[in-house]
Amino acid sequence: MGRTAGGAVTAELPYRIVATDLDGTLLRSDRTFSARTLRTLAAVRAGGARHVVVTGRPVYGTRRLLTQLDYRGLAICGQGAQVYDFDADRLLLTRTLDREVARALVQAISRETGTLALAAVAAEGFLATADFDRRPGADWRLVTEADLWAGPVEKILIRHPGHDDEALVAVAQRICGPALTVAHAGARLVELLPAGISKATGLVYAARRWGLTAADTIAFGDMPNDIPMLDWAGYGVAMANGHRSLRERADETTLTNDEDGVAVVLERLLATGSAPARNEQT
């Protein structure tokens, strides 16, 4: 049995894994979790299901945020490149870029688009070149392009003022092919990742550790980088504020992240105890 946000006893959630993106999905626009979301996730856990965060944020950025959730168990970070065990405080899985391959492909992209603004996620934090427009308040370290490639890199972020996100993704995917994964994670967030990595690969790793499958999973997201996760899950939910391509692939579109869209769906499922039918058009 579970409990609704109001505390009433409910039916059991029909899924054993609740996988949620963070930014634009579980987090509100002010980067906080609503009280309703916190109560609903507590009811999900009380009913025996696992809440799994699946985010593009690296471990160190995710860990700070999840202290608000009293988070337990595994988190999928870095678009699936990292699986972190919060209980044991250790990485179970991590993948970094082949820097020689990535640098050559970045140069090939820039020959077509013009000089790219670059940033990287590395073990020591966020690195950015001077022309990369950094978000105010973010903990970026300014480096030269050569310094960007000096140590292990988890992912590269690319921007160009003459190309919108979709155009830049298309160029990067054509040039990188299977050598790198290209992810569109948010406005002006085009990312280059190790080959074969996606949010789905990280979620599959976690599910297998628990002896669970896609049929046991409901997933929530808002951007194209969430598509592999929603496609894999038994049921995929897009946020109303999400990217059109994701909403077209999802089984359902809920309210926005600022309207507690994740909680709305989970409360309904806790109340009914039955799994909705999957959209066979996805």
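A pocket here is an open set of grid points with protein on both sides within 12 Å along at least five of seven lines, and its lining residues have an atom within 4 Å of a point. The model discussed below is predicted.

Q: Which residues of strand E4 line the second largest pocket, given that E4 spans 50-53?
A: Strand E4 covers residues 50-53. The pocket lining includes Ala-49, just outside that range, and then three residues inside the range. E4 gives the most to this lining, with three residues. They are Arg-50, His-51 and Val-52.

Q: What is the volume of the second largest pocket?
A: Among the residues that line this pocket are Arg-45, Tyr-71, Asp-85 and Trp-210. The space they help to line has a volume of about 170 Å³.

Q: How many residues in the lining of the second largest pocket are charged?
A: Arg and Asp count as charged. The lining includes Arg-45, Arg-50, Arg-72, Asp-85 and Asp-87. Beside them stand five nonpolar and two polar residues. The charged count is five.

Q: What is the strand order of the open sheet that holds E4?
A: This sheet has five strands, with parallel pairing. Strands E4 and E16 stand at the edges, each with a single partner strand, so one side of each is left without a neighbour in the sheet. Neighbouring strands are turned by 25° against each other on average, direction ignored. The order is E4-E3-E14-E15-E16.

Q: Which residue of E16 is the bridge partner of Met-239?
A: Strand E15 covers residues 235-239, and three bridges join E15 to E16. Met-239 therefore lies at the end of E15, and E16 covers 252-254. The partner in E16 is Thr-254.

Q: What is the volume of the largest cavity?
A: The structure holds one cavity of 30 Å³ or more. Pro-58, Arg-95, Glu-154 and Leu-193 are among the residues that line the largest cavity. By class, the lining has four nonpolar, two polar and three charged residues. The volume is about 40 Å³.

Q: Is Ala-167 buried, partly exposed or exposed?
A: Ala-167 is found in helix H6, residues 165-176. Its relative accessible area is 30%. Buried means under 20% and exposed over 50%, so a value in between makes Ala-167 partly exposed.

Q: What is the C-alpha to C-alpha distance between Ala-167 and Thr-113?
A: In sequence, Ala-167 and Thr-113 are 54 residues apart. In space, their C-alpha atoms are apart by 9.9 Å.

Notes:
Residues are numbered from 1 along each chain as its sequence is written. This is a predicted model: local features need pLDDT of at least 70, side-chain atom pairs count only at pLDDT 80 or more; totals for chains, interfaces and linings use all residues. Side-chain values use heavy atoms; hydrogens and water are left out. Two strands pair if DSSP finds at least two bridges between them. Helices (H or I, at least four residues) and strands (E, at least two) are DSSP runs, numbered from the N terminus. Axes are lines fitted to C-alpha atoms, for helices over the stretch in contact, and angles run from 0 to 180 degrees between N-to-C directions. On a 1 Å grid over the protein atoms alone, a cavity is a set of points where a 1.4 Å probe fits but cannot get out, and a pocket is an open set with protein on both sides within 12 Å along at least five of seven lines; lining residues have an atom within 4 Å of a point. Grid points are joined across faces, edges and corners, and a volume is the space filled by probe spheres set on the points. Buried means under 20% relative accessible area, exposed over 50%, partly exposed in between (1.4 Å probe, protein chains only).
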